[in-house]
Amino acid sequence: MPTESSDDLALLGLLQLVSPALPIGAFAWSQGLESAFELDWVRGEDDLGEWLEGVLDDGLARCELPALARFMAAWAEDDVEALEHWNGWLAATRETAELAAEEARLGSALTRLVTSLGLTPAEPSRLDGMGYVGVFAWLALARRVTPRQALLGFAWAWLENQLAVACKALPLGHTAAQRLIERLRPSLVAATDAALEYDDDQLGPMLPGLALASAQHETQYSRLFRS
């Protein structure tokens, strides 16, 4: 039976995992958002809110979040075949070189951190070549975070990072960013609920605009971010 102490430690472990201070370099990636600014698709607070809601509903809820839940189940059962399947599936959803590089490099950085913390699985080679979502799932499981809380934490970290990008690249103040958090918190919960209900054959991102923005970013003249 979980105790209050173990629940508290799991919560603190999740907060550590989703902290912007986690040294994996997530701040360097915008996931196509910088290009959306450059293309004038996103001009301010309202546009940004609509963009983020779309990415959350048609992206995270159908891709990263359900994959995270499946990774956690596979890690719990030490199901190597499932781990390899979902790692390959997630890599195949990355529609541009930059998005693929982000998944791989954040995964490598988080693997190095996991190793330095002494939190590798019993068979450390299971982490070899694992992308960010898969390593995140392992660390959440190692910290005894429940799948639902892990999904919420992952979505929260994504939102915070996207708003940090906007504050750097748009004339968007921190108060506006907090208003967007208030607007989108219910959407994070709804996306988590949906992600936990989707069957395997319902998964896959539906984000042609993000893919186009990311592709444009690869040749964008002036850039602050790596994607």
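## What a helix label says

A helix here is a DSSP run of H or I that covers at least four residues, with numbering that starts from the N terminus. That's how to read a label like α8, the helix where you'll find Leu163. Keep in mind as you look around that this is a predicted model.

Is Leu163 buried or exposed? Leu163 has a relative accessible area of 4%, and buried means under 20%, so Leu163 counts as buried. For a sense of distance, jump 32 residues along the chain from Leu163 to Ala195: their C-alpha atoms are separated by 22 Å.

## The largest pocket

Now for some empty space. The largest pocket holds about 810 Å³, and 41 residues line it. If you want to find its centre, look for Gln31, Glu102, Ala157, Trp158 and Asn161, which lie nearest to it. Several elements give two or more residues to this lining: α1 (4–18), α6 (97–116), α7 (132–142), α8 (147–169) and α9 (174–195).

Which helix gives the most to this lining? That's α8, with 10 residues. As for chemistry, the lining of the largest pocket splits into 27 nonpolar, 7 polar and 7 charged residues.

## The second largest pocket and a cavity

The second largest pocket has about 170 Å³ of space and a lining of 10 residues. Asp7, Ala10, Arg144, Val145 and Thr146 sit nearest its centre. Here the largest share comes from α1, which supplies 5 residues. Sorted by type, the lining of this pocket has 5 nonpolar, 3 polar and 2 charged residues.

How many cavities of 30 Å³ or more does the structure hold? There is 1, and the space in the largest cavity is about 40 Å³. Its lining is made of Gly13, Gln16, Leu17, Leu22, Leu113, Leu117, Leu139 and Arg143. With 3 residues, α1 gives the most to this lining. By type, the cavity lining divides into 5 nonpolar residues, 2 polar ones and 1 charged one.

## A nonpolar patch on the surface

Back to α1, where Leu9 is found. Leu9 joins Leu11, Leu12 and Leu15 in a nonpolar patch on the surface. Together, these four leucines have about 400 Å² of accessible area.

Why does Leu9 count as exposed? The label exposed needs over 50% relative accessible area, and Leu9 has 56%.

## Salt bridges

Side chains of opposite charge can pair when their charged atoms come close. A search of the whole structure turns up 9 salt bridges. One of them links the side chains of Arg43 and Asp40, with 3.3 Å from N to O. Arg43 is exposed at 57% relative accessible area, while Asp40 is partly exposed at 42%.

Another salt bridge joins Glu182 to Arg185, again with 3.3 Å from N to O. These two are 3 residues apart in helix α9, so about one helical turn separates them. Arg185 is partly exposed, with a relative accessible area of 43%. Elsewhere, salt bridges that share partners tie Glu64, Arg94 and Glu103 into one network. Zoom in on Glu103 and Arg94 there: their closest N and O atoms are 2.8 Å apart. Glu103 has 10% relative accessibility and counts as buried, and Arg94, at 17%, counts as buried too.

## Two positive phi angles

Most residues other than glycine have a negative phi. Let's see what Gln31 and Arg144 do. Gln31 isn't a glycine, yet its phi is positive, at about 55 degrees. You'll find Gln31 in the loop between α1 and α2 (33–38). You've met Gln31 already, as one of the residues nearest the centre of the largest pocket.

Arg144 has a positive phi as well, near 65 degrees, and Arg144 is a residue other than glycine. Where is Arg144? It sits in the loop between α7 and α8. Arg144 is exposed, with a relative accessible area of 68%. Arg144 has turned up before too, among the residues nearest the centre of the second largest pocket.

Conventions
Residues are numbered from 1 along each chain as its sequence is written. This is a predicted model: local features need pLDDT of at least 70, side-chain atom pairs count only at pLDDT 80 or more; totals for chains, interfaces and linings use all residues. Side-chain values use heavy atoms; hydrogens and water are left out. On a 1 Å grid over the protein atoms alone, a cavity is a set of points where a 1.4 Å probe fits but cannot get out, and a pocket is an open set with protein on both sides within 12 Å along at least five of seven lines; lining residues have an atom within 4 Å of a point. Grid points are joined across faces, edges and corners, and a volume is the space filled by probe spheres set on the points. Ala, Val, Leu, Ile, Met, Phe, Trp, Tyr, Cys and Pro count as nonpolar, Asp, Glu, Lys and Arg as charged, and the others, Gly among them, as polar. Patches are made of residues with over 30% relative accessible area and no salt bridge: like charges are joined within 9 Å, nonpolar side chains (Val, Leu, Ile, Met, Phe, Trp, Tyr) within 5 Å. Accessible areas come from the Shrake-Rupley method with a 1.4 Å probe; for residues, only the protein chains shown count as cover. Buried means under 20% relative accessible area, exposed over 50%, partly exposed in between (1.4 Å probe, protein chains only).
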